[in-house]
Amino acid sequence: MFKKIIVGISGGVDSAVTAFLLKNKGYDVTGVFMKNWDIKNETGKCQIDEDKEDAEWICKKLKIPFVEVNFVKEYWNNIFCYLTEQYENGYTPNPDILCNKFIKFGQFFNFARTKLQADAIATGHYVKSSFGPYLEHFKLNTNVKLLQAEDPEKDQTFFLCQVPQQALRYFMFPLGNYLKKDVKKIAEEIGLDKIIHKKESTGICFIGKRNFQNFISEV
């Protein structure tokens, strides 16, 4: 039922191992890198450019097609502007939840399904799905449930709490049954040493190393 799978490739170890696991199972895998931010930080660098290079390297290493898609405008309008406006009014929305809802499981989902004709989409999130890691229990027009990942320290169910059902039903989460240390071990075994010790992307991407209080007072 599901043959062509689009994987969101971030340039990190989790999405890389996700793509490997899918290809290893015989799926037709394509890696897609989402560009959601394009402004240089205080050091004069844009981290997204380095991540793109790593994403391309991963796809070349795994011998799968690489595609880049630009959601900068959508991220600015739906995440950045909304976030700063809410902070000005005394609210503290979570940018990761918003990004998943509007970009990864919104814009990216629509792009993968319509433009790339994907049967399903996969990400490197640490979360389990009631449909199974590879949608083996998929049921049309049936709601899917999010379940805690095997690795409680990496569990990301909270950050997917606002993802709409129509998108969530078609997402695979192969890492839900893995511990982070085992994912790194797989990466090492398949020659992805370059990204194993790469610093994980945590925090709000557009703030960089700035002090949050100073940043919010400037916008």
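**Exercise 1.** Against which helices and strands do the buried residues of H2 pack?

*Solution.* Start with the ground rules. This is a predicted model, where local features need pLDDT of at least 70, side-chain atom pairs count only at pLDDT 80 or more, and totals for chains, interfaces and linings use all residues. Residues are numbered from 1 along each chain as its sequence is written, and side-chain values use heavy atoms, with hydrogens and water left out.

Step 1: list the buried residues (under 20% relative accessible area, 1.4 Å probe, protein chains only). In H2 they are Ile48, Asp51, Asp54, Ala55, Ile58, Cys59 and Leu62.

Step 2: place them around the axis. They cover an arc of only 140°, so they sit on the same side of H2. The arc is taken from the directions from the helix axis to the C-beta atoms.

Step 3: find the partners. The buried residues of H2 pack against helix H1 (13–24), strand S2 (28–35), strand S3 (66–70) and helix H7 (193–196). Helices (H or I, at least four residues) and strands (E, at least two) are DSSP runs, numbered from the N terminus. Contact means heavy atoms within 4.5 Å.

Step 4: check the other side of H2. Glu53 and Lys60 are exposed there, where exposed means over 50%.

**Exercise 2.** Compare the span of H2 with its expected span.

*Solution.* Step 1: the expected span is 1.5 Å times one less than the number of residues.

Step 2: H2 (residues 47–62) has 16 residues, so it should span 22 Å; its end C-alpha atoms are 23 Å apart, which agrees.

Step 3: look just past the helix. Lys63 takes a positive phi of about 60°.

**Exercise 3.** Which parts of the chain does the salt bridge of Asp14 and Lys180 tie together?

*Solution.* Step 1: apply the cut-off. A salt bridge is a side-chain nitrogen of Lys or Arg within 4 Å of a carboxyl oxygen of Asp or Glu. The Asp14 and Lys180 side chains meet at 3.0 Å, N to O.

Step 2: locate the ends. Asp14 lies in helix H1 and Lys180 in helix H6 (residues 180–189), so the pair ties together parts 166 residues apart in sequence.

Step 3: check burial. Asp14 and Lys180 are both buried.

**Exercise 4.** Is Asp51 buried or exposed?

*Solution.* Step 1: at 15% relative accessibility, Asp51 counts as buried.

Step 2: turn to its partner. Lys198 and Asp51 form a salt bridge (2.9 Å, N to O). Lys198 lies in the loop between H7 and helix H8 (212–218), 147 residues from Asp51 in helix H2.
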